[in-house]
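Trainee: Before I rely on the labels attached to this model, I should like to see how each one is justified. May we go through them one by one?

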Amino acid sequence: MTYRHLLVERSADRHVVTVILNRPEQMNAMNTAMGEDLLACFDGLKMDTDARAVVFTGAGDRAFCAGGDLKERNEMSDETWRAQHVIFEQAAFRVLRCPIPIIAAVEGFALAGGCELAILSDFIVASETAVFGVPETTLGIFPGIGGTQLLPRLLGAPLAKEMIFTGRRLKAEEAKAAGLLNHLVPKGQARARATEIATTIAQNGPIAVRQAKKAIAYGMETDLDTAMILAIEAYNATVVTEDRLEGVRAFNEKRKPNFKGR
């Protein structure tokens with residue numbers, strides 16, 4: 001599929017998909033067309049049986065994404081603004097609930113909706129140039145695609161509240177120390193490191209990985225007894241697969257498994 005403001009690339013085996021926000025001259029700010037592209041892209045990934053891991057990044061080295069395109073929004077009526085935001089909301093939910101692991105690779109600014117897109121991913125690899133922030137309250141609004149819910153879960157409520165209430169930004173080292181990042185790498189290396197991790201994920205059993213992601217995502221939002229039941233159900237769904245049999249055979253034959261996603 002051709003997108004207006006996304007580039008989508010695949011590894012040779014088609015298992016690692018790289019989704020690139022592609023408005024580098026605008027610091028990859030999200031306009032309506034990009035929101036529609038994200039919605040269509042992640043709708044497609046949900047049904048893509050070849051895809052096993054996603055690297056989510058921005059074009060250029062200035063920004064992962066600087067948030068919503070305020071120049072486009074400047075002349076919007078309230079009705080048009082709300083209609084656009086519905087697109088952004090739906091796209092954000094598709095990223096959050098994508099069954100495939102998503103690794104955000106961040107160079108430069110990840111601000112407002114851009115920060116939210118990064119934390120909607122499963123985890124973040126960032127370079128030393130990265131800056132994270134949700135400055136919406138300084139413009140009279142507040143984070144609208146998950147920041148008020150995800151940042152407290154990731155960082156704890158006090159730091160998340162300070163960031164949201166004041167517009168404070170976190171540079172890369174502070175973000176790493178706070179637990180927002182899994183990996184901090186030199187400038188220009190975020191995508192390469194994220195791709196390396198995605199390739200490792202893609203070598204594992206794709207059904208097992210998807211079921212593990214599902215168990216973690218839904219288990220964290222309920223009580224422990226219910227979460228254990230969800231995890232056992234996910235485990236049982238994995239045990240009956242051909243991939244599980246292949247994994248056992250490969251172990252006993254001292255070779256790498258050849259998983260088919262069946």
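Mentor: The following exchange sets computed values against the definitions behind the terms. This is a predicted model, in which local features need pLDDT of at least 70, side-chain atom pairs count only at pLDDT 80 or more, and totals for chains, interfaces and linings use all residues. Residues are numbered from 1 along each chain as its sequence is written, and side-chain values use heavy atoms, with hydrogens and water left out.

Trainee: Why is Phe56 called buried?

Mentor: Buried means under 20% relative accessible area, exposed means over 50%, and partly exposed lies in between, with a 1.4 Å probe and protein chains only. Phe56 has a relative accessible area of 0%, so Phe56 is buried. Phe64 also has a value of 0% and is therefore buried.

Trainee: What makes Phe42 and Phe56 an aromatic pair, and of which kind?

Mentor: Rings of Phe, Tyr and Trp (its six-membered ring) pair if their centres lie within 6.5 Å; planes under 30 degrees apart count as stacked, over 60 as edge-to-face and the rest as tilted. The centres of Phe42 and Phe56 are 5.6 Å apart and their planes stand at 65°, which gives an edge-to-face pair. Phe42 belongs to helix H1 (residues 32–46) and Phe56 to strand S3 (residues 53–58), so the pair links distant parts of the chain, 14 residues apart. Helices (H or I, at least four residues) and strands (E, at least two) are DSSP runs, numbered from the N terminus.

Trainee: What makes Phe42, Phe56 and Phe64 a cluster?

Mentor: Ring pairs link Phe42, Phe56 and Phe64. Phe56 and Phe64 form an edge-to-face pair, at 5.6 Å centre to centre with 80° between the planes. The structure holds two aromatic pairs.

Trainee: How do you know that Asp69 and Arg23 form a salt bridge?

Mentor: A salt bridge is a side-chain nitrogen of Lys or Arg within 4 Å of a carboxyl oxygen of Asp or Glu. The closest N and O atoms of Asp69 and Arg23 are 2.9 Å apart, which satisfies the rule. Asp69 lies in the loop between strand S4 (63–65) and helix H2 (70–73), and Arg23 in the loop between strand S2 (16–21) and H1, so the bridge ties together parts 46 residues apart in sequence. Both Asp69 and Arg23 are buried. By this rule the count comes to 16 salt bridges.

Trainee: Is Arg249 buried or partly exposed, and which residue meets Arg249 in a salt bridge?

Mentor: Arg249 counts as partly exposed because its relative accessibility is 40%. Its side chain meets that of Glu246 in a salt bridge, at 3.3 Å from N to O. Glu246, with a relative accessible area of 8%, is buried. Salt bridges that share partners join Glu246, Arg249, Glu253 and Arg255 into one network.

Trainee: How do you know that the charged end of Arg73 sits over the ring of Trp81?

Mentor: A charge sits over a ring if NZ of Lys or CZ of Arg is within 6 Å of the ring centre and within 35 degrees of the ring normal. The charged end of Arg73 is 4.4 Å from the centre of the Trp81 ring, and Arg73 is listed as sitting over that ring. Arg97 likewise lies over the face of Tyr218, at 4.7 Å from the ring centre.

Trainee: Why is Ile141 called partly exposed?

Mentor: The relative accessible area of Ile141 is 34%, so Ile141 is partly exposed. Ile141 lies in the loop between strand S8 (131–133) and helix H5 (147–155).
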